[in-house]
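Student: I should like to learn how terms are applied to a structure. May I ask how each conclusion is reached?

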Amino acid sequence: MERQFYNPFDVYNMVQYHDSNTEKPGKEGENSSSGSISPNVPAYLRQRLIHRRSVDNLVGNSPTNSMRHSSPESIKSAPVQLKPRSTSHDALSKKKERHQSQTTGASMDSLAKQALLAAQVLNLIPTQKARERNFLHGRIAANSLLGPVELEKVLPNRELKIFIGTWNMNGQNPPKELNDFMLPSDIETVPDLLAIGTQESCSERSEWEAALQETLGPSHVLLYSTSLGTLHLALFLRRDLIWFCSIPEDASFSTRTGTAFRTKGAVAIALMLFGTSFLFVTAHLTAHQDKVKERVNDIKRIVRNLDLPKDLPIRHKSKDVTQNFDCIFWCGDLNFRLAQPREEVIQWVTDTCFPQQLPVNLHKDQLQTILNEGAVLRGFEEAPITFPPTYKYDPGTQNFDSSSKQRTPAYTDRILFKGKGHTRGYIRRVSHESSSSYKDGIIECWFMILYQVLYFRS
């Protein structure tokens, strides 16, 4: 059975196609066909081209086919076929002789047509056109892709939808189905940018990233990922926005001494999109109910030791990394607890119907107390919480910790954000943990949705 095959790269790598409108007439005796190969191609390259792609293997060498497909439109629809290969020694020898002898204009004409077909199939960008483009970080130039015309095309409402997901995976493999986590039904459209931070991550990082990519589909690509010990952060970006995004930068810091077992600390990724700078941080802080000062100290050390940005433009670089960006998103297992007796918290959860209509009163929450005092993370906000505590359940059940430790339920998994005034109207944020809306004039939180895989929260 005859098989159709076409590899446009093999053709395009070896052929320069010149438009017939710009081709100068050749001298007498030269092939002046509009589809012929450029005369500037060196002789050794011509010979190599003929050797690799003989007219025998390409449709168009026959008068019927070459005349029939005389326009770009018709060439585009014409399949390229290979003749059945002969395995005999004689056939191979004859074929080799033909490769060496076929230097006629007909073969060149056929090859040029294949190059045209390659350009149409691949939608190749002319080199000169590409050289004129200017990929600048945070600046607008005459030929820059960061201009207002491109911004109007890809973000007409000047809104960027960002999804922030935080997950303490407890070292377990994720479930097969991740739609409820990354594509909750409360969100109408897939966000433009998704930042997934995990703590105590599963060991198979590549499989985890592949599962996230599979859930999102081809509309988004894994822009960047970084890890430190059991911490992992991955950014997925809408495919067409890649052209307007800077090269991501990353940094990490371990709050544990030594390098043998890194389970506490933070990883961060920074980038610029249409001139607006972003910082994404996922952290895992010191555990235990009474370790508030240690957690505060963790945050102070992290913001001082995350060395970002590196090459991204900035006027004045502060020692506090959170002061160097327009928009900052800080998520993770921050391990702050509720300063209440265990029995009191469990009774409150039992008597409450979730999600609540009004935000949960967190006046005894350690993190809210710290934020209100301004001890760390000044200027950061958190969307209203309407869901039950995320910590800590017996694996596979709705029961809070029944082990000998008898740990008090708490909101340990948190998402915080902060923005600067000059980005007003540009950014909106979609976060991952109850249905509520919160505005600070710069970043609008559309949803906080709790997604809980019970066997993860052991």
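Student: Why does Phe-387 count as buried?
Tutor: Phe-387 has a relative accessibility of 3%. Buried means under 20% relative accessible area, exposed means over 50%, and partly exposed lies in between (1.4 Å probe, protein chains only). The value of 3% falls under the cut-off, so Phe-387 is buried. Tyr-411, at 1%, is buried by the same rule.

Student: On what basis are such statements made?
Tutor: This is a predicted model, in which local features need pLDDT of at least 70 and side-chain atom pairs count only at pLDDT 80 or more, while totals for chains, interfaces and linings use all residues. Residues are numbered from 1 along each chain as its sequence is written, and side-chain values use heavy atoms, with hydrogens and water left out.

Student: What makes Trp-167 and Phe-181 an edge-to-face aromatic pair?
Tutor: Rings of Phe, Tyr and Trp (its six-membered ring) pair if their centres lie within 6.5 Å; planes under 30 degrees apart count as stacked, over 60 as edge-to-face, and the rest as tilted. This rule gives nine aromatic pairs. For Trp-167 and Phe-181, the centres are 4.6 Å apart and the planes make an angle of 65°. The distance is within 6.5 Å and the angle is over 60, so the pair is edge-to-face. Trp-167 lies in strand 1 (residues 160-168) and Phe-181 in helix 9 (residues 179-182), 14 residues apart. Helices (H or I, at least four residues) and strands (E, at least two) are DSSP runs, numbered from the N terminus. Both Trp-167 and Phe-181 are buried.

Student: Why is the pair of Phe-387 and Tyr-411 edge-to-face?
Tutor: Their ring centres are 5.9 Å apart and their planes stand at 65°, so the pair is edge-to-face. Both residues lie in the loop between helix 13 and strand 9, so the pair ties together parts that are 24 residues apart in sequence.

Student: How do you know that Arg-414 forms a salt bridge with Asp-365?
Tutor: A salt bridge is a side-chain nitrogen of Lys or Arg within 4 Å of a carboxyl oxygen of Asp or Glu. The closest N and O atoms of Arg-414 and Asp-365 are 3.0 Å apart, so the condition is met. The pair links distant parts of the chain: Arg-414 belongs to strand 9 (residues 413-419), and Asp-365 to the loop between helix 12 (342-351) and helix 13 (366-373), 49 residues apart. Arg-414 has 1% relative accessible area and Asp-365 has 0%, so both are buried.

Student: What is the distance between the closest N and O atoms of Arg-414 and Glu-382?
Tutor: That distance is 2.7 Å, and the two residues form a salt bridge. Glu-382 lies in the loop between helix 13 and strand 9, 32 residues from Arg-414. A search of the whole structure finds seven salt bridges.

Student: Is Asp-240 buried, partly exposed or exposed?
Tutor: Asp-240 has a relative accessible area of 33%, so Asp-240 is partly exposed. Its salt-bridge partner, Arg-238, is at 17% and therefore buried. Their N to O distance is 2.7 Å.

Student: Why is strand 7 described as largely enclosed?
Tutor: Nine of the nine residues of strand 7 (residues 276-284) are buried, so this strand is largely enclosed by the rest of the structure.
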